[in-house]
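Load the model and keep the selection panel open. The stops below are in the order in which to select them.

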Amino acid sequence: MARQARWWQWLGLLAALALLCALPFALSNYRTFQFTLALVYAIVLLGLNILTGYNGQISLGHGAFYAIGAYTAAILMDKFGVPYWATVPLAGAVCLVFGFLFGLPALRLHGHYLALATFALAVAMPQILKYKGIEEWTGGVQGIVILKPDPPAGVALNQDQWLYLLTLAVAVVMFVLAWNLIHSRVGRAWMALRDHPIAAEAMGINSALYKASAFGISALYTGVAGALGAIVVQFVAPDSFTGVLSINFLIGLVIGGLASISGAVWGALFIQFVPNIADHISKAAPWAIYGIFMIAFAYAMPTGVAGFLRLAWSRTARRTAGARAQA
Amino acid sequence: MEALLHQVLSGLATGGIYASLALALVMIYRSTNHINFAQGEMAMFSTYLAWTLIDAGVSWWLVFLMTVGASFVAGMAIERLLIRPVEHAPLLTVVIVFIGLLVIFNSVAGWIYSYTIKSFPSPFPAEPVFGGLMSAHELGAIGVTLVVLLLLYLFFQFTPLGLAMRAVAQNPASSRLAGIRVGWMLALGWGLAAAIGAVAGMMVAPVIYLDPNMMSGVLLYAFAAALMGGIDSPGGAVAGGFIVGVVENVMGAFVIGTELKLTVALLVIIGVLLVRPSGLFGKVFVTRV
């Protein structure tokens with residue numbers, strides 16, 4: 001029974017992956033671009049989930065790490081001529097260091113206090129990026145324009161399709177890594193610290209190290225996504241990375257489902273496409289419609305889309321098991 | 001020296017407004033452990049309501065009373081209709097409902113009243129007081145904040161209803177056993193918070209003008225003030241509000257200029273929180289294993 005369920009899961013996963021690979025060949029370039037961004041957000045939400053979902057530290061500041069990743073990629077390409085694909089891991093590494101360092105003072109703060117501290121980081125980021133002293137690199141208010149990369153020679157894809165598939169490949173790697181990490185010793189330590197910090201410490205888990213490392217890893221994911229986002233959008237500017245971006249990430253996280261790996265995908269689809277749908281419904285007050293969608297999702301699925309699906313799945317599984325037992 | 005005094009006094013005036021809104025946040029936090037992110041937009045909407053009434057020719061203080069009353073009722077209605085269904089949902093899901101409310105209020109205000117900036121009259125005379133150190137409006141705003149604080153203090157300390165609300169905040173289960181209607185007390189808390197927010201909105205609007213996004217900055221400062229004072233302490237929220245107002249103004253005028261004002265104010269607050277993680281006047285909780 002359990003083995004059968006596992007089989008179905010693998011089959012479903014493979015089918016979803018095949019569908020994702022086929023998407024850019026069925027859609028227009030603009031739609032492909034939108035889905036590429038959704039994948040980028042999924043990577044961010046996965047990182048945010050590691051911190052907030054699995055380690056219990058609320059962050060309203062991931063827009064800042066996203067900005068650092070995006071700017072790292074843009075500056076490396078623009079000033080140092082680094083090839084675009086190499087900027088992605090470098091941006092991740094830079095964010096890992098920043099995240100770890102920010103995680104150290106954040107250790108003292110909990111709950112709402114941590115949310116405020118991280119939100120301060122997000123609010124401060126555009127102003128820091130506009131700062132005159134670093135304008136030479138960041139381009140100040142104007143930002144930096146990046147050229148859209150061509151697919152490697154001999155690959156018969158257009159630029160949008162190539163970027164989509166590249167992002168998809170990175171996303172798949174990041175998801176597999178996250179899955180392994182969560183189901184390892186480290187992941188269990190994170191969850192133990194979330195559920196009962198004192199008991200976890202008594203068991204010998206180094207709270208400071210693990211919490212700061214959760215911050216670091218989470219920032220790494222966000223940085224990788226930021227770099228990809230910059231390449232996809234071909235432009236970075238301070239005002240793209242306001243506090244609203246961070247709040248949107250939180251919305252995606254909660255609506256997708258906390259402490260769930262697949263939740264990152266649902267959340268990303270929500271923050272990428274629901275504002276568009278809202279805009280179609282009402283041109284006059286699109287944000288009101290977006291707000292109604294948010295509240296409706298919160299009512300209908302309090303544990304997020306992933307939590308809802310898990311519940312529905314276990315219900316049907318129980319029902320079929322019951323039917324089989326009767327027969 | 002005089003310039004410094006001037007900045008400190010006007011910091012106290014804006015601080016008073018942060019304090020009122022911070023007080024509204026604390027009201028809801030104490031009874032439900034939620035921080036209402038929509039508090040600022042609710043206050044903004046109340047202020048628009050006041051503007052409509054003033055525009056129709058009603059006198060200022062009458063409008064003030066009507067707006068506060070209407071906001072009180074609306075606050076209670078929001079709690080009963082929208083927040084009650086997610087009472088037992090995870091904390092972050094409730095936060096999402098708050099953010100949803102925030103964008104709805106913001107967007108609907110923009111839709112009804114447009115995004116153009118409107119001026120909002122002050123009930124206080126235009127001439128400055130204290131030999132030009134302060135405008136009468138600034139002094140009046142401080143006075144109104146202090147009156148609101150005093151009224152709240154009297155309400156919570158000396159009325160049976162206030163006592164019931166404090167009991168619910170401290171221990172909902174026992175309060176229910178003692179015959180207090182917990183649900184209505186929570187709704188009352190929301191109503192009071194909305195009314196206090198309306199006061200803050202009407203006091204700040206003559207200074208920063210009326211537009212749907214007027215409260216985003218104010219809410220952030222109020223949030224910071226509430227946390228700095230200790231999120232469960234009304235007195236602390238007011239003190240935090242005044243401190244944040246003065247720090248923001250003095251730093252903005254003399255140290256770093258207005259551009260980085262918000263950033264630096266937030267950094268100062270985080271600095272304080274790193275030293276005292278539960279805020280200046282907050283209760284330090286000791287957890288038992």
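Select helices α2 (residues 29–54) and α12 (residues 263–281) of chain A. In this predicted model, their axes are 8 Å apart and the packing angle is about 130 degrees. Angles from 35 to 65 or from 115 to 145 degrees fall into the oblique class, and α2(A) and α12(A) are therefore oblique to each other. The crossing of α2(A) and α12(A) is right-handed.

Now show side chains along the contact. On the α2(A) side, pick Q34(A), L37(A), A38(A), Y41(A), A42(A), L45(A), L46(A) and N49(A). They meet G263(A), A264(A), V265(A), G267(A), A268(A), L269(A), I271(A) and Q272(A) in α12(A). By class, the residues of this contact are eleven nonpolar, five polar and no charged. A general point helps when reading such lists: an α-helix has 3.6 residues a turn, so residues three or four places apart point the same way.

Stay in chain A and select α10, residues 207–233. What end-to-end distance should its 27 residues give at 1.5 Å a residue? The expected span is 39 Å, and the end C-alpha atoms of α10(A) are 38 Å apart, which agrees. Of the 27 residues, 22 are buried, so α10(A) is largely enclosed by the rest of the structure.

Next, select Q234(A), which follows α10(A). Q234(A) sits in the loop between α10 and β2 (235–236) of chain A. Although Q234(A) is not a glycine, its phi is positive, about 65 degrees. As background, most residues other than glycine have a negative phi. Is Q234(A) buried, exposed or partly exposed? It has 14 C-beta neighbours inside 10 Å, and therefore counts as partly exposed.

Move to chain B and select helix α2, residues 39–55. Its 17 residues should span 24 Å at 1.5 Å a residue, and the end C-alpha atoms of α2(B) are 24 Å apart, which agrees. Because 13 of the 17 residues are buried, α2(B) is largely enclosed by the rest of the structure. Just after α2(B), G57(B) has a positive phi of about 100 degrees.

Within α2(B), centre the view on S46(B). S46(B) counts as buried because it has 27 C-beta neighbours inside 10 Å, where the cut-off for buried is 20 or more. Leaving aside residues up to four places away in sequence, S46(B) touches T67(B), S71(B), G197(B), A198(B) and G201(B). For a distance check, pick S107(B) as well: S46(B) and S107(B) are 61 residues apart in sequence, and their C-alpha atoms are 14 Å apart.

Add α4(B) to the selection. The axes of α2(B) and α4(B) come within 9 Å and cross at roughly 25 degrees. These two helices, α2(B) and α4(B), are therefore roughly parallel to each other, since the limit for that class is an angle under 35 degrees. The crossing of α2(B) with α4(B) is left-handed. In the contact, E41(B), M42(B), M44(B), F45(B) and Y48(B) of α2(B) meet L102(B), F105(B), N106(B), A109(B) and Y113(B) of α4(B). Eight residues of this contact are nonpolar, one is polar and one is charged.

Then select S114(B), in the loop between α4 and β1 (128–129) of chain B. S114(B) is another non-glycine residue with a positive phi, near 65 degrees. With 11 C-beta neighbours inside 10 Å, S114(B) counts as exposed.

Show both chains for the interface. How many residues of each chain are in contact with the other? The contact involves 36 residues of chain B and 31 residues of chain A. On the chain B side, the elements that give two or more residues are α4 (91–113), α9 (215–229) and α11 (261–275). Among these, α4(B) gives the most, with 14 residues. The chain B side has 28 nonpolar, seven polar and one charged residues.

For the last stop, select α9(B) with α10(B), residues 234–255. Their axes are 7 Å apart at an angle of about 125 degrees, and α9(B) and α10(B) are therefore oblique to each other. The crossing of α9(B) and α10(B) is right-handed. Residues to label include Y221(B) and M228(B) in α9(B), and I243(B), V244(B) and E248(B) in α10(B). The contact of α9(B) with α10(B) has ten nonpolar, four polar and one charged residues.

Technical notes
Residues are numbered from 1 along each chain as its sequence is written. Chains are lettered from A and ligands numbered from 1 in the order in which they are written. This is a predicted model: local features need pLDDT of at least 70, side-chain atom pairs count only at pLDDT 80 or more; totals for chains, interfaces and linings use all residues. Helices (H or I, at least four residues) and strands (E, at least two) are DSSP runs, numbered from the N terminus. A residue is buried if 20 or more other C-beta atoms lie within 10 Å of its own, exposed if 12 or fewer, and partly exposed in between; C-beta atoms are placed from the backbone. Two residues are in contact if their C-beta atoms, placed from the backbone, lie within 7 Å. Ala, Val, Leu, Ile, Met, Phe, Trp, Tyr, Cys and Pro count as nonpolar, Asp, Glu, Lys and Arg as charged, and the others, Gly among them, as polar. Axes are lines fitted to C-alpha atoms, for helices over the stretch in contact, and angles run from 0 to 180 degrees between N-to-C directions. A crossing is left-handed if the near helix is turned anticlockwise from the far one by less than a right angle, and right-handed if clockwise. The expected span of a helix is 1.5 Å times one less than its number of residues.
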